[in-house]
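Biologist: I have a structure open and would like to learn how to read it. Could you walk me through a few features, one at a time?

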Amino acid sequence: MSESLDASGVGGSETPNLDFAGTTPYEDYVQADVLTHLQHLRSDDPGEMVFLVTTQVMELWFTVIVHEWETAARALREDDVPVAMDALKRSLRELEALNASWRPLAQLTPGQFNAYRGALGEGSGFQSAMYRRMEFLLGEKSASMLVPHRGAPRVHAELEKALAEPSLYDEVLRLLSRRGLRIPASVLGRDLTLRYEPSAAVEEVWTELYAAPDTHTDLHRLGEVLTDVAELVWRWRNDHLVATRRAMGAKTGTGGSAGVTWLEKRATKNVFPELWTARSHV
């Protein structure tokens, strides 16, 4: 990549082509000109740029991770565990990059954040449609979270579809059932538009899998990569909490949210819950 951006030709035997009739092939593919002109600042504070760009970068990572988890869910539905594992493993690196996005914002003082906070108006991260799709894929379903998007038909339709579809974890449990493991019919036939609730019977299945890892080796590995995903999601929530607490303390969040109080509740919850609780019984 570095050589492709170096017009000197150093490192190669020939000077790269610099003469194009229109835009460069790089621009045609990456759309960099579009990306780098999407920042429309609403204040004179120099810190607003990093806040806006970091938020936009987060949205791009949300998009990639949704793509990976949808790929994994589809592969699991087709009993293709290797393809699902590859997508989930890629998402781990992407989640790490997403979580690192908090670093430019993590040291904001209240004064620095307040300098451009008013530019957000009623805007708030909980209104992110792509983040909501991530949450739905994790089993964190909520029909009420479609309400903010009623004015955007395409986005609303995508969220409505995601709400009704099996989550990533639903597809995992269906796979376990097809492999002969005792997933209750009540779990398999649950209302997919509702948040996934932990099941003692599902916990028992994971306990059995972890107690005898050589019996279903691929399922044991799947459980571990899902635990890695869940851990990074937990870290995302905690990093969000810490960054918000530093920037605004316990004040009401943007968009009328409960701010730190709401984030604290979220930070106590684990996704794929039985993968965590089963460990106490192995």
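Biologist: Let's start with one side chain: is tyrosine 26 buried, partly exposed or exposed?

Modeller: Before anything else, keep in mind that this is a predicted model. Now, your tyrosine: with a relative accessible area of 42%, tyrosine 26 is partly exposed. The class of partly exposed runs between the cut-offs of 20% and 50%, so that value belongs there. You'll find tyrosine 26 in helix H1.

Biologist: Which residues form the nonpolar patch on the surface?

Modeller: The patch is made up of Tyr26, Tyr29, Val30, Val34, Leu35, Leu38 and Leu60. Together they have about 680 Å² of accessible area. Helix H1 (25-30) and helix H2 (32-35) each bring at least two residues to the patch. The largest share is from H1, with three residues.

Biologist: On to charges, then. How many salt bridges does the structure hold?

Modeller: There are 17 salt bridges. To read one, look for a side-chain nitrogen of Lys or Arg within 4 Å of a carboxyl oxygen of Asp or Glu. Take glutamate 68 and arginine 90: their closest N and O atoms are 3.0 Å apart. This pair ties together distant parts of the chain, as glutamate 68 sits in helix H3 and arginine 90 in helix H4, 22 residues apart.

Biologist: Is glutamate 68 buried or exposed?

Modeller: Glutamate 68 is buried, at a relative accessible area of 4%. Its partner, arginine 90, is partly exposed, at 39%.

Biologist: And what about a pair inside one helix: how many residues apart are arginine 154 and glutamate 158 in helix H7?

Modeller: They are four residues apart in helix H7, so about one helical turn separates them. Their side chains meet in a salt bridge, at 3.2 Å from N to O. Arginine 154 is exposed, with a relative accessible area of 59%, while glutamate 158 counts as partly exposed at 32%. Both also belong to a network of salt bridges that links Glu70, Arg133, Arg154 and Glu158.

Biologist: Where in the chain are glutamate 204 and arginine 182, the partners of another pair?

Modeller: Glutamate 204 forms a salt bridge with arginine 182, and the closest N and O atoms are 3.7 Å apart. Here again distant parts of the chain are linked: glutamate 204 is in helix H10 (residues 200-211), and arginine 182 is in the loop between helix H8 (168-178) and helix H9 (185-188). As for cover, glutamate 204 is partly exposed at 44% relative accessible area, and arginine 182 is exposed at 54%.

Biologist: Now for the empty space. How much of it lies in the largest pocket?

Modeller: The general idea is that rolling a probe the size of a water molecule over the atoms shows where empty space is left. In this model, about 1500 Å³ of space lies in the largest pocket. Helices H3 (48-77), H5 (110-117), H6 (129-137), H7 (153-164), H11 (217-248) and H12 (260-267) each give two or more residues to its lining. H3 gives the most, with eight residues.

Biologist: Which lining residues lie nearest the centre of that pocket?

Modeller: Thr55, Glu59, Gly123, Ser124 and Gly125 do, out of 46 residues that line the pocket. By type, the lining divides into 24 nonpolar, 14 polar and eight charged residues.

Biologist: What about closed space: how many cavities of 30 Å³ or more does the structure hold?

Modeller: A cavity is space where the probe fits but cannot get out. The structure holds one of 30 Å³ or more, and the largest cavity has a volume of about 40 Å³. Its lining consists of Leu95, Leu98, Tyr131, Met134, Glu135, Leu138, Val233 and Trp236. H4, H6 and H11 each give two or more residues to that lining, and the largest share, three residues, is from H6.

Biologist: How does the lining of the largest cavity divide into nonpolar, polar and charged residues?

Modeller: Seven are nonpolar, none is polar and one is charged.

Biologist: One last spot: where is aspartate 80?

Modeller: Aspartate 80 lies in the loop between H3 and helix H4 (81-100). Aspartate 80 is partly exposed, with a relative accessible area of 28%. For a sense of distance, its C-alpha atom is separated by 23 Å from that of proline 273, and the two residues are 193 apart along the chain.

Conventions:
Residues numbered from 1 in each chain as written. Predicted model: local features only at pLDDT ≥ 70, side-chain atom pairs only at ≥ 80, totals over all residues. Heavy atoms only, no water. 1 Å grid on protein atoms, 1.4 Å probe; cavity = no way out; pocket = protein on both sides within 12 Å on 5 of 7 lines; lining within 4 Å. Points joined across faces, edges and corners; volume = space filled by probe spheres on them. Nonpolar A, V, L, I, M, F, W, Y, C, P; charged D, E, K, R; others polar. Patch = residues over 30% accessible without salt bridge, like charges linked within 9 Å, V, L, I, M, F, W, Y side chains within 5 Å. Areas by Shrake-Rupley, 256 points an atom, 1.4 Å probe, with all protein chains shown as cover. Buried < 20%, exposed > 50% of the residue type's maximum accessible area, 1.4 Å probe, protein only.
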